[in-house]
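Reader: I'm new to this structure and would like a close look at just one part of it. Could you take a helix and walk me through what surrounds it?

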Amino acid sequence: MDALLTSNKEPGTVVKQISGSNVLLNCLLAEGVDTLFGYPGGAIMPVYDALYHYSDRLRHILVRHEQGAVHAAQGYARVSGKVGVALATSGPGAMNLVTGLADALIDSTPIVCITGQVFAHLLGTDAFQETDVVNTTIPVTKWNVQVTEAKDIPAAVAKAFYIARTGRPGPVLIDITKNAQNELTPEIRYEPCTGVRTYRPKPALPIALVEEAAALINQAKRPYLLAGQGILLAGATDELKSFAEKTGIPVACTLLGLGAIPQDHPNYVGYLGMHGNYGPNVNTNECDVLIAVGMRFDDRVTGNVSKYARQARIIHIDIDKAEINKIIKADIGIHADAREALAALTQRCHAQTHPEWMASFRALNDLEYEKVVKKEIEDTTTLKMAEVIHQLSSLTRGKAVIVTDVGQHQMVTSRYYRYQNPRTSITSGGAGTMGFALPAAIGAKVAAPNQQVVAVIGDGGYQMTIQELGTIMQDNIPVKILVLNNQFLGMVRQWQQLFHGKRYSFTELDNPDFVKIAEAYRIRARKVTAQADLTAALLEMLESPNSYFLEVVVEKEENVFPMVPAGAGVSEVILEIPNNKT
């Protein structure tokens, strides 16, 4: 509600007063927000009432569950580079955001979640749908705040967006009491936040350490660069290519770093991690200088840290100082923006080639091809996940936005999809959130309407957020959904086979008719059970101008290799099931 009131300071002067809800929406517009993902409820109702009049300026996507809203905001942010925004009501609505907030925090995704809260005078009384969302979300947000007066909304929004997008990006939550949403306050000019005391998101580049690192790189015989998502977040993909091309250094990508360098680039040697390529894992323990850029040495990359790169001098570049020396001790820790650091290193490093060192990666990956890849995409008479993803990659030329869920299909996609562009690999990395892909793909498609967006999902994770098919239907979002159905919680089953005596304890799934469910949501659908039908089905999916669901029934007890077993070092990666595990 807006009102015109007489000013007390200047008699006769009319001052426009607007509600806190209108203040909030005007602030979002001032921050460049164009899309909101949300679900209404009692405590956020004033905002939704105001939103009714903003449909020409703010697109609202009505999800079917608040977890869908936060994951959609993540997908939107990861593809666009902008801050994603989610709305929810108090109590259970706010609590349903927690999984996505945790996911966004560990994966450095800039989102702002806005929750309604009970009236300020009811705080602490266990009022209907009251939960202490601020204290609940402290561990899973970069910053959060509760607003109890309308006049404080602009400053809270400005600070939230500044903190979410700067430095190492992350999630922020603003909790606004219902009275603050209703209150009238003078309309004020929105001032974006440009700084927060004690918060220094972009450190000064330490030139002396850069020069020390360059000297070490120039002397190296077997240098090796690990590219993390920090390169994508910093917009440093061109700088990475220039550095690699000048120095001749081989580059491997982490799960979240995929797309940081085109996978057909001559310096790209593969994907790191527990199910990564053989060469990148083995040669981690053969290099003499290891350069880690924008990555945090996650346990899925390091394996047993006591066996990790003990022979190498470590250079670690990261914008988050807390990550340097947290897991792997760095000989040179450079707290800096990845783009600035790589540019400065390139200037100071010599032009070199390392043909024998590069050849060692190729030889190891050739061994992987013979032991693993060939069996999965060539010498097979059954439908395998690798074959599906290999064909998808070929048909899209590695240029689609691929949103994966969590499990075997995620690892297979990371291995076989040949990403050519940045911000096209969207997945839940550090948190490993099943149910992420379908809503995240919605957000990704909204952010990139002219790009092909394919959600690759396992039959288990798909059913965790399957209700978001309703969002796709209502908003006519042309997402392509590819479910690889092995009737198991595949990754858990693989571990049960290899390390728990093949005791498949509650991992086999009795699934519904996915095609009928998709069709009930007015989504065109198809099921493939034979290799001969795969290519035509993938083409039909990709060529559809509308949303499309494709289920591919794959080998039921297929395993993903290579694999670094639990407790092993990265050079102990295995290419097949050990004889005693069959």
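Author: Here is a walk around one helix, followed by a look at one of its neighbours and at a residue in another helix. Keep in mind that this is a predicted model. Let's start with helix α23, which covers residues 534-543. Its buried residues are Leu534, Ala537, Leu538, Met541 and Leu542. Looking down the axis of α23, you'd find these buried residues within an arc of 130 degrees, so they line one face of the helix. There's a simple bit of helix geometry to remember here: with 3.6 residues a turn, residues three or four places apart point the same way.

So what covers those buried residues of α23? Among the elements doing that are four strands, β18 (453-458), β19 (480-485), β20 (524-528) and β21 (548-553), along with helix α16 (385-396).

Let's follow α16 a little further. It packs with helix α17 (residues 408-416) at an angle of about 45 degrees, and the two axes are 9 Å apart. That angle makes α16 and α17 oblique to each other, and their crossing is right-handed. On the α16 side, the contact is made by Met385, Ala386, Ile389, His390 and Ser393, while α17 brings Gln408, His409, Val412, Thr413 and Tyr416. Sorted by class, that contact has five nonpolar and five polar residues, with no charged ones.

Last stop: Ile517, in helix α22 (residues 514-520). Ile517 counts as partly exposed because its relative accessibility is 26%. Leaving aside residues up to four places away in sequence, Ile517 touches Ile466, Leu469 and Pro512. The C-alpha atoms of Ile517 and Phe549 are separated by 9.9 Å, with the two residues 32 apart along the chain.

Note on methods
Residues numbered from 1 in each chain as written. Predicted model: local features only at pLDDT ≥ 70, side-chain atom pairs only at ≥ 80, totals over all residues. Heavy atoms only, no water. Helix = DSSP H or I, 4+ residues; strand = E, 2+ residues; numbered from the N terminus. Buried < 20%, exposed > 50% of the residue type's maximum accessible area, 1.4 Å probe, protein only. Contact = heavy atoms within 4.5 Å. Arc of directions from axis to C-beta. Axes fitted to C-alpha atoms, helices over the stretch in contact; angles between N-to-C directions. Parallel < 35°, antiparallel > 145°, perpendicular 65-115°, else oblique. Left-handed = near helix turned anticlockwise from the far one by under 90°. Nonpolar A, V, L, I, M, F, W, Y, C, P; charged D, E, K, R; others polar.
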